[in-house]
Amino acid sequence: MKIMALLGSPRPKSTSSDIARAFLEEAESLGAQISAHELNKMDIKGCQECMACKIRSERCVVEDDLAPVLDAVHETDILVLASPVYFSDVSSQIKPFFDRCFAFMEAAESYPFPTRLPAGKKTLFILSQGDMFQVHADIAPRYNLFLDMGGMPITE
């Protein structure tokens with residue numbers, strides 16, 4: 001089993017990253033192949049809305065540090081997404097990943113969109129925040145819609 005984590009905090013020793021690393025360590029002790037990417041250390045561009053992934057390619061054509069990570073998602077069984085909550089949303093470090101997941105969906109006229117990813121992928125979404133109220137409860141369901149369309153639903 002291959003497990004890849006995307007660490008979306010700007011701080012290396014953040015709560016969300018610590019939780020993700022603990023999950024990876026346990027998974028590795030059980031025999032999983034693991035990898036982690038600190039997105040804040042990478043040169044990442046946002047989606048260019050060029051539609052090349054629908055017209056002339058089956059992958060995102062933006063060449064940056066996120067390109068090989070997006071390619072690796074195809075081989076990953078479990079994707080771990082870890083982010084702090086800033087201003088009622090995921091961090092700006094991890095948001096480009098979500099936008100670029102658009103390339104995982106084939107062009108289609110209706111929902112559900114066919115995905116280019118192999119079936120059976122799961123996503124573990126780790127969100128950390130310091131607010132004691134449930135004002136951020138909409139984040140995971142909102143992003144799960146897009147992850148599900150891309151073929152990587154959040155594991156419940």
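The charged end of Lys54 perches over the ring of Phe102, 3.9 Å from its centre; a charge counts as sitting over a ring if NZ of Lys or CZ of Arg is within 6 Å of the ring centre and within 35 degrees of the ring normal. This is a predicted model, in which local features need pLDDT of at least 70 and side-chain atom pairs count only at pLDDT 80 or more, while totals for chains, interfaces and linings use all residues. Residues are numbered from 1 along each chain as its sequence is written, and side-chain values use heavy atoms, with hydrogens and water left out.

Next come the aromatic rings. Rings of Phe, Tyr and Trp (its six-membered ring) pair if their centres lie within 6.5 Å, with planes under 30 degrees apart called stacked, over 60 edge-to-face and the rest tilted. That rule gives four aromatic pairs. Phe97 and Phe98 make an edge-to-face pair because their ring centres are 6.0 Å apart and their planes meet at 70°. Both residues, Phe97 and Phe98, are buried (under 20% relative accessible area, with exposed over 50% and partly exposed in between, using a 1.4 Å probe and protein chains only). Ring pairs also tie Phe97, Phe98, Phe125 and Tyr143 into a cluster.

The backbone has some quirks too. Most residues other than glycine have a negative phi. Glu49, not a glycine, nonetheless has a positive phi of about 50°. Glu49 belongs to the loop between β2 (33-38) and α2 (52-55), where helices (H or I, at least four residues) and strands (E, at least two) are DSSP runs numbered from the N terminus. With a relative accessible area of 68%, Glu49 is exposed. Ser88 also has a positive phi, near 65°, and is found in the loop between β3 (78-86) and β4 (89-90). Ser88 is partly exposed, at 36% relative accessible area.
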